[in-house]
Amino acid sequence: MTHRQTYFFALIFLATVTACVVPGLATPTAPSLFAPTTDPGRLETMVAETVSAAIAETEQARPTPTLVSTSEPTQTATAEPITSGSTLTLQDDGSTVFVDERAGYQITIPDGWLAVRVNEKEYYDAWNLAEAADPNIQAILLDMKAADPNIHRLRVIDTQDGHIQSDFVTDISFNLNEQRAFNSIEDLQAIANELPDAPSAFSFEVATVQTIIAPSGIQFGVIEATSSFTNTSGDLVNIYLKQIVFKVKNGSQSVVFLTVEGLKESTLPAFDSMIETIKLNP
């Protein structure tokens, strides 16, 4: 649980790398990102004490529904954009289409992955799912509550059976930066150069930095990096990061995928397939 908690702070820093590094985006103020020296049992107790309150709050704080079902799989969002400027549309095949009106793109999330936005209806509904009984997923949901929805646009959590290893949940964070442009390999390299020295729970070592042109014609920046941590059993756990950056109508969008090495073979292809579904909207 310690690493699930500190991992979220690391993810906030990664959002800061692509969304907040350049002066001009003053909020939100990032919490301390150094890995805390904390009693793992205490963190588990804190999460357990907070979960019941969060679930109770769900019944009082549900916003107006925006997650809608459609009988036409090819149809995108049918709900009006909410104040954060995005919609989620559930398809008949179990996938979910996320449309970010503010950034100007859409992506399809496959079945087996839980897509949630900060403090939106699906966030509160997630507390009642069977998957939310797992304390590691509870930790993600709890930490999301304080995130800024103007930056942290979407969180996608792998809820497939057997996909939690060493108290680590594979997930994807969608972070919008309206202050930083992405136009070249130099822009991407600047982002990658900041990862190894990031004062986060994980010290990442960058492996590859490249730009590619997708069949859709979109230019993607791709950063791959690795790190590790020692779990509560004393085992060394290797972590794999893949960060996709692309230009949107009002800045740059970062999509950060994190998993443990033991799940990379089964989860990375799913992530790559998601990226292939990205479409830019006017």
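**Exercise 1. Find which strand pairs with β5, and place this pair in the sheet to which it belongs.**

β5 pairs in the antiparallel sense with strand β6 (residues 152–158), over 4 bridges, in a model that is predicted. To locate one of these contacts, take L114, whose bridge partner in β6 is I157. Such pairing follows a general rule: strands of a sheet pair through backbone hydrogen bonds, either parallel or antiparallel.

The next step is to widen the view to the open sheet, in which 7 strands follow the order β5-β6-β9-β13-β12-β11-β10 with antiparallel pairing. Because β5 (113–116) and β10 stand at the edges with a single partner strand each, one side of each is left without a neighbour in the sheet. On average, and with direction ignored, neighbouring strands of this sheet are turned by 15° against each other.

**Exercise 2. Describe how β10 and β11 are joined and paired.**

Begin with the pairing itself: strand β10 (residues 205–213) and strand β11 (residues 219–230) are antiparallel partners over 8 bridges. One of the contacts joins I212 to its bridge partner F220 in β11. Then look at the connection, where 5 residues lie between the two strands of this hairpin, and where G217 in the turn has a positive phi of about 95°.

**Exercise 3. Two residues other than glycine also have a positive phi; state where N119 and D167 lie and whether they are buried, partly exposed or exposed.**

Take N119 to start with, which is not a glycine and yet has a positive phi of about 55°. N119 belongs to the loop between β5 and α3 (121–126), and its relative accessible area of 26% makes it partly exposed. Turn next to D167, whose phi is near 60°. D167 is placed in the loop between β7 (164–165) and β8, and at 30% relative accessibility it counts as partly exposed.

**Exercise 4. Classify the aromatic pairs F168–F229 and Y240–F257, and say which strands they tie together.**

A search of the whole structure finds 9 aromatic pairs. In one of them, the rings of F168 and F229 have centres 6.1 Å apart and planes at 25°, so this pair is stacked. Since F168 lies in strand β8 (residues 168–169) and F229 in strand β11, the pair ties together parts that are 61 residues apart in sequence. F168 is buried, at a relative accessible area of 1%, and F229 is buried too, at 4%.

For Y240 and F257, the ring centres are 6.4 Å apart and the planes stand at 70°, so this pair is edge-to-face. Y240 lies in strand β12 (residues 236–248) and F257 in strand β13 (residues 251–260), so the parts tied together are 17 residues apart in sequence. Y240 is buried at 3% relative accessibility, as is F257 at 0%. A further contact involves Y240, because the charged end of K264 sits over its ring, 4.1 Å from the centre.

**Exercise 5. Work out how the buried residues of helix α6 are arranged around its axis.**

Helix α6 (residues 264–276) has 13 residues, and the distance from its first C-alpha to its last is 18 Å, close to the 18 Å expected. Its buried residues are T267, L268, F271, M274 and I275. Seen down the axis of α6, these buried residues fall within an arc of 120°, so they line one face of the helix. The general reason is that an α-helix has 3.6 residues a turn, so residues three or four places apart point the same way. On the other side of α6, E265 and E276 are exposed.

Conventions. Residues numbered from 1 in each chain as written. Predicted model: local features only at pLDDT ≥ 70, side-chain atom pairs only at ≥ 80, totals over all residues. Heavy atoms only, no water. Pairing = 2+ DSSP bridges. Expected span 1.5 Å × (residues − 1). Buried < 20%, exposed > 50% of the residue type's maximum accessible area, 1.4 Å probe, protein only. Arc of directions from axis to C-beta. Phe/Tyr/Trp six-rings, centres within 6.5 Å; stacked < 30°, edge-to-face > 60°. Lys NZ or Arg CZ within 6 Å of the ring centre and 35° of its normal. Axes fitted to C-alpha atoms, helices over the stretch in contact; angles between N-to-C directions.
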